[in-house]
Amino acid sequence: MRKYRRQALQNVVQSRGIMNATAVSHPNIAFIKYWGNRNSALRIPMNGSISMNLDSLTTRTTVSFQPSLPFDELIINGHEIMGAGLKRVSEILDLIRAKANINARAEAVTENNFPSGAGIASSASAFAALALAGSKAAGLELNERELSRLARRRSGSASRSVPAGFVEWQAGESDDDSFAFSIAPPNHWDLVDLVAIVSTAHKKTGSTEGHAIAPTSPLQAARVEDAPRRLDLCRQAILNKDFNAFASIVELDSDMMHAVMMTSTPALQYWKPASLAVMEAVRMWRADGLPACYTMDAGANTHVLTLESEAQGIEKKLRGIDGVENILIARPGGAAKI
Ligand code: PMV
């Protein structure tokens, strides 16, 4: 019965010239951060970055190009979005339309199963899913590198949500050579990300504005200059599954990015008292021999990385910290897929 209904719907879609596709992707947590662009129009970053996709957090996006639509439409979790959010989506759809040589406007319907705009890279999974669903709906067959480059154009970190597992985005110097690739599959290492939710409020300053003011910090040049060293250490620690080496470089990199944020003009301050309490506790647990380290993106929520064997115990400890409202649990996730 269901099969016939699907077929009937497909016939209607085809007879009206509607082209649609649905993609699912995961956000990612950066271990070596991207902060600041060398070219902001193309989103060529100042430094390379490394991340892990987060399996239990998903974005599902359906794009349908419909000749009858007068303009693009964007619906996120049931709410129609206009203004800057819609503009960013339309810009990616424009790139797809140009490549596919079509004119039809599109409707993009997105569902996230996690809070957006709160330091869990919702824009990463959003633009990875949009690039994949949009290009597929337009009849394009882009390979992973092309999809990563396309997703990058409106959210740099989205380039890293296209490939699977542990991912590196090579900064590159042009649109052609700035893309992400997998350095290890999801089953390579049993890392767990416990995201301590200390606030679900939408952050006041988004990363686009943040990247733009990064060069105003006197610390940014030093952070960028040292990035190749941190990338090497982090990549090696992941490949060797060396948690201690991983922990030191991940915390250093997060602290360096937040130092740049705090010393930019205007200053950006994402930490809340509970974020700091989590960071202090994690440092203490590690000194006591537990495999745990922290990292924070552009938001107050603090990601605590640990190994599967210790995840339950650490989750329990985290729940006991004042101001921690909830914990999201994620393991290494796969690639964006149709
Ligand atoms: O991709 P954007 O523009 O949302 O920037 C992401 C910035 C950070 O999350 C803070 C760091 C990163 O590498 O993901």
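**Exercise 1. Which residue is the bridge partner of asparagine 20 in strand 6?**

Before you start: this is a predicted model, where local features need pLDDT of at least 70 and side-chain atom pairs count only at pLDDT 80 or more, while totals for chains, interfaces and linings use all residues. Residues are numbered from 1 along each chain as its sequence is written, and side-chain values use heavy atoms, with hydrogens and water left out.

Step 1. Get the naming straight: strands (E, at least two residues) and helices (H or I, at least four) are DSSP runs, numbered from the N terminus.

Step 2. Find strand 6 at residues 59–66; 7 bridges join strand 1 to it, and the two run antiparallel. Two strands count as paired if DSSP finds at least two bridges between them.

Step 3. Look across from asparagine 20, and its bridge partner in strand 6 turns out to be serine 64.

**Exercise 2. Work out the order of the 5 strands in the open sheet that holds strand 1.**

Step 1. Read the order across the sheet: 1-6-9-7-8, with mixed pairing.

Step 2. Check the edges. Strand 1 (19–25) and strand 8 (79–81) are the edge strands, each pairing on one side only.

Step 3. Add the twist, which averages 20 degrees from one strand to the next. For angles like this, axes are lines fitted to C-alpha atoms (for helices, over the stretch in contact), and angles run from 0 to 180 degrees between N-to-C directions.

Step 4. Now see what sits on the sheet. Helix 2 (residues 83–100) lies across strand 6, strand 7 (73–76), strand 8 and strand 9 (105–112), and runs at about 125 degrees to strand 9.

**Exercise 3. Describe how helix 2 packs with helix 3, and place serine 90.**

Step 1. A reminder: two packed helices are described by the angle between their axes and the distance between the axes.

Step 2. Helix 2 and helix 3 (residues 122–137) pack at about 30 degrees, their axes 10 Å apart. Their crossing is right-handed; that term applies if the near helix is turned clockwise from the far one by less than a right angle, and left-handed if anticlockwise.

Step 3. List who meets whom, taking contact as heavy atoms within 4.5 Å. From helix 2 come Arg88, Val89, Ile92, Leu93 and Ile96; from helix 3 come Ser123, Phe127, Leu130, Ala131, Gly134 and Ser135. These residues divide into 7 nonpolar, 3 polar and 1 charged. Here Ala, Val, Leu, Ile, Met, Phe, Trp, Tyr, Cys and Pro count as nonpolar, Asp, Glu, Lys and Arg as charged, and the others, Gly among them, as polar.

Step 4. Serine 90 belongs to helix 2. With a relative accessible area of 17%, serine 90 is buried (buried means under 20% relative accessible area, exposed over 50%, partly exposed in between, using a 1.4 Å probe and protein chains only). Leaving out residues up to four places away in sequence, serine 90 touches Asp72 and Arg97.

**Exercise 4. Do the same for helix 8 and helix 9.**

Step 1. Helix 8 (residues 243–262) and helix 9 (residues 273–287) pack at about 160 degrees, with axes 13 Å apart. That makes helix 8 roughly antiparallel to helix 9 (under 35 degrees counts as roughly parallel, over 145 as roughly antiparallel, 65 to 115 as roughly perpendicular and the rest as oblique).

Step 2. Helix 8 passes helix 9 in a left-handed crossing.

Step 3. Asn244, Ala247, Glu251 and Asp255 of helix 8 meet Val282, Arg283 and Arg286 of helix 9. That contact splits into 2 nonpolar, 1 polar and 4 charged residues.

**Exercise 5. Is strand 2 buried or exposed, and what does it pair with?**

Step 1. Strand 2 (residues 28–32) has 5 of its 5 residues buried, so it is largely enclosed by the rest of the structure.

Step 2. It is joined by 4 bridges to strand 5 (residues 49–53), running antiparallel. Across in strand 5, isoleucine 29 has methionine 52 as its bridge partner, and isoleucine 32 has isoleucine 50.

Step 3. Put strand 2 in its sheet: an open one of 4 strands in the order 2-5-10-11, paired antiparallel. Strand 2 and strand 11 (179–184) are its edge strands.

**Exercise 6. Is aspartate 322 buried or exposed?**

Step 1. Find aspartate 322 in the loop between helix 10 (308–319) and strand 15 (326–330).

Step 2. Its relative accessibility is 70%, so aspartate 322 counts as exposed.
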